[in-house]
Structures are given as C-alpha cells and as structure tokens.
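I sat down with a coffee and this structure, and kept notes as I went. Here is what I looked up.

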Amino acid sequence: MLSKVYLYVNQIFMKNILGITFVLLFASSLISCSKQEKIEQKRPNILFIMSDDHAYQAISAYSDKLIQTPNIDRIANEGLLFTNACVTNSICAPSRATILTGKHTHINGKIDNKMPFDTTQVTFPQLFQQAGYETAMFGKLHFGNSPKGVDEFMILPGQGHYINPDFITPRGDTTITGYVTNIITDLTISWLDSKRNKEKPFMMMYLHKAPHRPWWPSPERFAEYSKKTFPEPETLFDDYTNRGTAAKTAEMNLYTHMTYNHDSKIRPETIEAMGGVEPVVAEMKNGFYGPYGRANAEQKATYDITLDSINEDFMNTWPGMSMEEKMRWKYQRYMQDYLGVISSVDDNVGRVLDYLDASGLAKNTIVIYTSDQGFYLGEHGWFDKRFIYDESFKTPLLVRWPNEIKPGTTNDEMVQNLDFAQTFLEAAGISAPEDMQGESLIPLLKGDTASWSREAVYYQYYEYPSVHMVKRHYGIVTKEFKLVHFYYDVDEWELYDRLKDPQEMNNVYADPAYADVVADLHVKLDELRIQYKDSPELDQKYIDMYEKQ
Ligand code: SGN
Ligand code: CA
C-alpha cells in the first residue's frame with residue numbers, strides 16, 4: 001500500500017516537474033520567439049521595383065502632362081520623391097550592373113549590353129542572402145547569367161517578350177501565356193503570399209520589361225490609348241544647332257529612325273500595298289511579326305481590331321501628309337503605345353501595393369520605384385536614351401518607408417543608381433563592402449539633408465558604334481552645369497547651363513562668359529575621375545575590348 005502511495009505521489013511529482021518544465025520551456029520559447037520577431041521586425045523588407053526605360057516625364061508624380069499614374073505616385077505621396085536622381089551610364093545592362101555591384105561601369109566592367117557580366121563580383125542580393133534574408137527576382141535582368149544571391153528567380157531571357165513571355169527559372173525554361181507585365185506581377189505576389197519563408201525578412205526585385213521598345217500594350221490598353229492625343233514636347237522639331245556632332249549624328253530621331261512596322265505597328269502588307277512610304281527607314285527584320293507573331297489566334301483577334309483601324313487610317317491619311325505632319329503622326333503613335341504600356345505597369349504596381357496593405361506587410365517594407373534609366377519622349381525629336389542629356393540621364397526614384405520617411409517629401413539632391421546597394425544594405429543593418437562606390441541615401445530618406453555633401457556626379461557611356469549611334473562620352477554634372485567630353489572618333493567638349501537652359505539647347509563651352517566655369521569643372525571632373533578610379537587608360541582598355549567583341 002505504502003509503495004502504491006509512494007508511486008502515486010511520485011507520479012504526480014514527476015508529472016508536475018514535467019509540466020512545469022514544459023511550461024517553462026514553452027514560456028521561454030515564447031519569449032525568445034517574440035524577441036526573434038522583434039529583431040526581424042526591425043529588419044525591414046525591401047521591395048525593389050524597376051521598370052525598363054520608364055521616363056520620369058511619364059509618371060504623374062513628376063509631371064501630369066502625359067499620363068496619370070496614381071499607383072506609382074502613391075509611393076511618393078506616402079514617401080519621398082527624388083527629383084534629381086540619375087544614372088551613371090544610361091543603358092540597360094550596365095545600369096543593372098551598377099545597381100547590383102554599387103560600382104561604376106569602368107570598375108564592374110559591364111560597359112554595354114553585350115559583354116558578359118563578371119559573376120565573380122559581389123552583388124548586393126548575395127549579401128542579403130548571407131545575412132538571413134529571403135531573396136527573389138522576377139522579370140527582366142538582361143544579363144544572360146543566372147542571378148546570384150536569390151533564393152528564387154524567374155527572369156526573362158535577354159530583353160524578353162511582351163506577349164506569352166519565356167522565363168529562365170532554377171527549374172528550367174518555361175513559357176507563360178499572357179501579357180508580360182501582368183505575369184511578372186502574378187509571380188511577385190504569389191511568391192510574397194505563399195512561396196517565401198515567412199520567418200525571414202525578404203529582399204525582392206520586381207523588374208518590369210515594360211516600357212521597353214517595341215512598345216506593345218495589352219490589347220485593352222492598345223485600344224484605349226490608340227484613340228488618345230498627347231501634347232508635343234517643345235523641342236520635337238529640334239535641328240540640333242548649337243549642339244555638337246554627337247547630337248547631330250545619333251540615330252534616334254522619330255522622323256528619320258523610328259520604324260513603321262516595328263514601332264508604329266504598320267503591317268508590312270500595308271506598306272507594300274501603298275507602294276512604299278517616305279521617309280524610308282531601315283525596317284527591322286521581322287519588326288512587326290516578331291512580337292505580334294507570339295500571340296495566339298485569340299490574342300491576335302483582340303489586337304487586330306485596333307491594328308486594323310491604325311493601318312486603315314495610315315493608308316488614307318499618309319499620302320497627303322507634310323513632313324511635319326508625319327513627324328507628329330509618329331510622335332502620337334509612339335506616345336499611344338509607350339503610355340499604354342505604362343498604364344499597365346501602374347495598374348500592376350497598384351496590385352502589389354494593395355497586396356502589401358492587405359497582408360500587413362506594408363508597414364515594415366521599404367518600397368522603391370525606379371527605372372534602369374530615363375528616356376526621350378520626343379524631346380529633341382528623339383526616342384531611346386544613352387546620352388548624358390537630362391531626359392536619359394535622370395531616372396525616376398520614389399521611395400516609401402513607413403515611420404522613417406515623412407510622407408509627401410521631395411528631395412533634389414544628385415543621387416545615383418550607384419547609391420542603391422549601400423542604401424538597401426544600411427537599411428537592413430548589413431555592412432557594405434569597402435569598395436562600393438556609392439553613398440547610402442538613408443540620411444536623405446530620414447530628412448537629414450545637412451549631412452549630404454555631394455556636389456557633383458560622374459557619368460560615362462561606352463556602347464559605340466552600335467544601335468542608335470550615340471558617341472562615347474563622359475562628364476560631370478552639378479545642379480548648375482553639365483560638362484561633357486565626347487571622344488573616340490571625335491574630340492568635342494560641351495557645357496550646358498542647367499538653370500538657364502534646362503532643355504540643353506545651347507552648348508556654351510566656347511562662350512567666354514563661361515570660361516571660369518569651364519576651367520573649374522575641368523578640375524572637378526579630373527578629381528572625380530581620380531576619386532572613382534577612372535582614367536584615359538581605362539577608356540582605351542574598354543575601346544580595345546569593345547572592338548575585339
Ligand atoms: C534594343 C532596342 C533599341 C535599344 C536597345 C537597348 N531595339 O536593341 O532601341 O536601344 O535594345 O535597350 S528593339 O529591337 O528592342 O526595339 S536597353 O534598354 O536594353 O539598353
Ligand atoms: Ca533600359
């Protein structure tokens with residue numbers, strides 16, 4: 001009996017001990033879990049949204065002359081709008097290499113769209129991954145190599161396609177039926193919602209193909225925007241007087257270089273039936289049927305209604321048009337498609353912002369919206385980019401970070417895509433490698449403009465001779481002036497007074513009134529080249545490499 005009592009007491013005791021231990025263990029795990037959560041909560045998520053060739057002129061937070069982009073604007077309304085953000089090299093893959101490495105082109109070596117990216121270099125997603133972030137990339141990278149430092153990716157090969165795009169994934173290649181901007185967004189939301197490890201903070205790169213040439217809107221936007229008329233830029237009929245050889249010889253004029261098939265969506269059969277049209281532009285092989293040919297019969301039918309009406313109108317009105325009217329027609333067709341493409345980007349950015357709100361992620365997520373560079377929307381009669389001139393040199397940059405950025409702030413400091421990596425790393429509390437060349441924008445985001453001392457930025461463009469024939473050049477840009485050296489097959493300097501001549505119509509390099517400015521900027525440009533470790537030897541090295549490609 002006694003032994004039974006003993007056993008009973010012993011059992012109760014053991015149960016209690018176990019129970020207490022369990023309760024203690026559970027409580028301590030709760031405490032450490034909430035501690036862990038707090039630590040994780042302090043580390044913000046990063047949602048980096050970048051589109052391809054999105055001109056700031058086509059974001060209503062910057063200018064509402066052309067289009068309303070209420071969703072993209074939300075990021076600035078609830079955060080900060082940088083009005084003087086720019087790139088180090090206004091072309092796609094080099095801009096992306098600078099963003100990923102935090103280094104100028106001449107250091108990371110990705111001088112053009114063709115040369116391979118040296119994947120042994122450290123890129124900022126790798127640092128996020130090592131620091132315990134969950135990382136992903138969806139959309140256009142434009143490197144051809146698999147991205148490093150991302151736990152999940154689905155990227156477009158090269159430039160990618162608007163209709164039924166192909167994707168490179170860690171599981172092999174795949175094709176998804178539909179419109180590229182919607183699809184990249186679906187992939188993004190689905191990863192955020194159900195595929196990522198929710199115990200970790202995330203760093204996600206949501207990279208649109210849009211609005212890259214050839215501008216194919218969704219069928220709905222194509223129909224809607226083809227009926228709109230847009231205001232022309234003041235410099236649409238620029239004849240490039242008072243500029244150098246580079247502006248005069250670039251091949252990106254709407255009238256002379258924009259193609260009918262590839263760009264304006266005139267079917268080759270239409271032109272044939274008309275017996276050819278002037279001006280004769282070098283049409284791209286498969287310019288129209290390349291993109292259109294990807295659509296299935298059902299999709300083609302939705303495009304055909306609008307295509308028929310554009311082609312019919314062209315046949316009827318073209319023969320009677322003057323040169324100026326032809327230029328104007330091309331500009332309108334260009335804007336209808338470019339802006340139609342952007343309206344889908346805006347809708348889809350709205351979908352992602354709504355998802356962040358609905359999921360509760362918004363409050364601890366830094367949202368960045370930018371483009372790989374700016375773009376000409378008919379200014380100087382141009383499309384495309386590449387030049388250090390403002391429309392392609394500047395890039396949109398909008399940042400939202402709840403509780404850190406005061407809503408509705410604007411900032412006009414000269415910040416660059418070079419600064420992104422260090423900014424994101426600092427926000428996440430990850431130390432940046434010493435050899436990154438940018439500066440963290442965190443002080444500016446937090447409203448501490450006093451500690452920002454940068455007065456000038458450095459720029460260099462290399463891809464020449466190539467499509468659009470924009471000559472090699474490098475330069476220094478301050479808020480007041482821009483000094484540029486075009487080299488290789490010319491040796492010309494240009495100076496623009498950014499305050500007096502914001503449209504950059506007058507090269508005042510040789511104007512005696514600017515002699516002091518020129519002398520001062522030459523010294524500063526030399527200093528910048530030394531600071532960023534660029535040199536005439538490197539210029540030559542990259543010419544040699546380019547010529548050997
Ligand atoms: C393509 C475009 C060009 C554009 C380059 C580079 N033609 O060649 O107009 O300048 O890409 O663009 S198209 O066949 O796509 O219409 S970048 O954004 O990738 O640098
Ligand atoms: Ca681009």
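My entries below go from the ligands to a few backbone oddities.

**Entry 1: the model.** I reminded myself to start with that this is a predicted model.

**Entry 2: around ligand 1.** I listed the residues surrounding ligand 1 and got 17, with Q159, H262, D384, R386 and H468 the closest. I sorted this shell by type and found four nonpolar, six polar and seven charged residues.

Next I looked for polar side-chain atoms beside the ligand's oxygen atoms. K385 has one 2.7 Å from an oxygen of ligand 1. For R386, I noted a side-chain N or O atom 2.7 Å from a ligand oxygen. H468 places a polar side-chain atom 2.7 Å from an oxygen of ligand 1. I then checked the cover: ligand 1 exposes 460 Å² when taken alone, and the protein buries 86% of that.

**Entry 3: H262.** I went back to H262, one of the closest residues to ligand 1. I found H262 in the loop between α9 (254-257) and α10 (268-273). Is H262 buried or exposed? H262 counts as buried because its relative accessibility is 10%, under the 20% cut-off. A polar atom of the H262 side chain also lies 3.1 Å from the backbone oxygen of G287.

**Entry 4: the calcium ion.** Which protein residues are donors of the calcium ion (ligand 2)? I wrote down D52, D53, D372 (listed with two OD donors) and Q373, with distances of 2.1 to 2.8 Å. Along the chain, the donors follow the spacing D-D-x318-D-Q. D53 sits in the loop between β1 (45-51) and α2 (70-77), and D372 in the loop between β8 (365-371) and α14 (390-393), so I noted that the pair links distant parts of the chain, 319 residues apart. Both D53 and D372 are buried. I also looked at the geometry: the site has six donor atoms with angles of 51 to 175°, and is irregular.

**Entry 5: backbone oddities.** Most peptide bonds are trans, and most residues other than glycine have a negative phi. I therefore looked for exceptions to that general pattern.

- The bond from A210 to P211 is cis, with omega near -5°; P211 is in the loop between β7 (202-207) and α7 (219-225).
- The bond from E278 to P279 is cis too, with omega near -10°, and P279 is in the loop between α10 and α11 (289-292).
- H142 has a positive phi near 75°; I found H142 in the loop between β3 (134-140) and β4 (152-156), buried at 9% relative accessibility.
- N164 has a positive phi of about 45°, lies in the loop between β4 and β5 (166-169), and counts as buried at 9% relative accessibility.

Definitions and conventions. Residues are numbered from 1 along each chain as its sequence is written. Chains are lettered from A and ligands numbered from 1 in the order in which they are written. This is a predicted model: local features need pLDDT of at least 70, side-chain atom pairs count only at pLDDT 80 or more; totals for chains, interfaces and linings use all residues. Side-chain values use heavy atoms; hydrogens and water are left out. A residue is near a molecule or strand if one of its heavy atoms lies within 4 Å of it. A polar contact is a pair of N or O atoms within 3.5 Å; within protein, one must be able to donate a hydrogen and the other to accept it, and residues adjacent in sequence count only if both atoms are side-chain atoms. Accessible areas come from the Shrake-Rupley method with a 1.4 Å probe; for residues, only the protein chains shown count as cover. Ala, Val, Leu, Ile, Met, Phe, Trp, Tyr, Cys and Pro count as nonpolar, Asp, Glu, Lys and Arg as charged, and the others, Gly among them, as polar. Donors are N, O and S atoms within 2.8 Å of the metal (3.2 Å for Na, K and Ca); water is not among the atoms, so sites may look incomplete. Four donors count as tetrahedral if all angles lie between 85 and 135 degrees; four count as square planar and six as octahedral if opposite donors are over 155 degrees apart and all others between 65 and 115; anything else is irregular. Helices (H or I, at least four residues) and strands (E, at least two) are DSSP runs, numbered from the N terminus. Buried means under 20% relative accessible area, exposed over 50%, partly exposed in between (1.4 Å probe, protein chains only).
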